[in-house]
Amino acid sequence: MPGAAGSLALRDIPIPDYCDVVIVPTSGVEETDPRVWAEAIFSHENTPLSSRGLRALRDEAIRLFDMVPPPQKELLTDEVVGSEALIIDDDEKLTVRIGVALLPGGDLLQVTTAVKYRTVRGRLSFAPRRLMHAAAVNTLARRAPTTLRRRALASNPRAASLTGQVSRKALGRGPSARR
């Protein structure tokens, strides 16, 4: 089934307690591998600086109480079927599936999240995240094309000699990119 209803995220959780679908443009990035898109969306370098700063403050506050902050969770692709990558992120409280798919034509990227609560603690722990989840995934997905362009520039030895203005245009942030 095409679209969100046919997503791998809903294969294991056909009736989720929470579900959202975010569709964003790929902004002209020609990448066709959904695994690369999934890893770019959920990579550390794609996280906004404000979120990284808040996480660092939280970790330092935890250290003040002589506790060890939790390690940063890394989401890796577990399965790829066709043009969709599936990320499985389960714990004792929640069953989570995230499907990252390139829609036909390659101009749109769809991120489908399905969550099933296993316990009351799971419902309570996901409640605050539920309020901001779709907005956060939307932000990460919109930043992914820039992350992929930045990686392509970093892997190109000739790109190191580019000036700041030219590299900003290559990343899609310059004045000529807004036409």
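This report walks through the fold, the sheet, the bent helix and the salt bridges of the protein shown above.

**Overall layout**

Keep in mind that this is a predicted model. The protein has 5 helices and 5 strands, and reading from the N terminus the elements go α-β-α-α-β-β-β-β-α-α. Of the 179 residues in the protein, 36% are buried. If you take the contacts with a separation of 6 or more, 62% of them come from residues 24 or more positions apart.

**The sheet**

Let's start with the strands. They make an open sheet of 5, ordered β1-β5-β4-β3-β2, and the pairing is antiparallel. The edge positions go to β1 (18-25) and β2 (79-81); each has a single partner strand, so one side of each has no neighbour in the sheet. Ignoring direction, neighbouring strands are turned by 15° against each other on average. Helix α4 packs on this sheet, where it touches β1, β4 (94-102) and β5 (108-117), and its direction makes about 10° with that of β1.

Now for the β2 end of the sheet. β2 and β3 form a hairpin with 2 residues between them, and 3 bridges join β2 to β3 (residues 84-88) in an antiparallel arrangement. In the turn sits Gly82, with a positive phi of about 60°. Across this pair of strands, Val81 stands opposite Glu84, while Val80 stands opposite Ala85.

On to the next pair. β3 also forms a hairpin with β4, this time with 5 residues between the strands. These two run antiparallel as well, joined by 5 bridges. Ala85 turns up again here: its bridge partner in β4 is Val100. So how enclosed is β3? Since 4 of its 5 residues are buried, β3 is largely enclosed by the rest of the structure.

**Helix α4**

The helix that packs on the sheet has a few features of its own. α4 covers residues 120-155 and bends by about 55° at Met132. At its N-terminal end, Thr119 acts as the cap, with a side-chain oxygen 3.3 Å from the backbone nitrogen of Arg121. Several α4 residues are buried, among them Gly122, Phe126, His133, Val137 and Leu140. Further along the helix, the buried set includes Ala141, Ala144 and Pro145, plus Thr146, Thr147, Leu148 and Arg149.

**The salt bridges**

Side chains of opposite charge can pair when their charged atoms come close. A search of the whole structure turns up 6 salt bridges. Three of them are listed here.

| Salt bridge | N to O distance |
|---|---|
| Arg97 and Asp12 | 2.9 Å |
| Arg97 and Asp90 | 2.6 Å |
| Arg118 and Asp90 | 3.7 Å |

Which parts of the chain does the pair of Arg97 and Asp12 tie together? Arg97 lies in strand β4 and Asp12 in helix α1 (residues 9-12), so this salt bridge connects parts that are 85 residues apart in sequence. Is Arg97 buried or exposed? With a relative accessibility of 9%, Arg97 counts as buried, because the cut-off for buried is under 20%. Its partner Asp12 is partly exposed, at a relative accessible area of 37%.

Asp90 is worth a look too, as it forms a salt bridge with Arg97 and another with Arg118. The pair of Arg118 and Asp90 also links distant parts of the chain: Arg118 is in the loop between β5 and α4, Asp90 is in the loop between β3 and β4, and they are 28 residues apart. Asp90 has 32% relative accessibility and counts as partly exposed. Arg118 is partly exposed as well, with a relative accessible area of 46%.

These contacts belong to a wider set: Arg11, Asp12, Glu79, Asp90, Arg97 and Arg118 are linked in a network of salt bridges. Within that network, Arg97 sits in strand β4, a strand that α4 touches as it packs on the sheet.

Terms used
Residues are numbered from 1 along each chain as its sequence is written. This is a predicted model: local features need pLDDT of at least 70, side-chain atom pairs count only at pLDDT 80 or more; totals for chains, interfaces and linings use all residues. Side-chain values use heavy atoms; hydrogens and water are left out. The bend at a residue is the angle between axes fitted to the seven residues ending there and the seven starting there. Buried means under 20% relative accessible area, exposed over 50%, partly exposed in between (1.4 Å probe, protein chains only). A polar contact is a pair of N or O atoms within 3.5 Å; within protein, one must be able to donate a hydrogen and the other to accept it, and residues adjacent in sequence count only if both atoms are side-chain atoms. Two strands pair if DSSP finds at least two bridges between them. Axes are lines fitted to C-alpha atoms, for helices over the stretch in contact, and angles run from 0 to 180 degrees between N-to-C directions. Contact means heavy atoms within 4.5 Å. A salt bridge is a side-chain nitrogen of Lys or Arg within 4 Å of a carboxyl oxygen of Asp or Glu.
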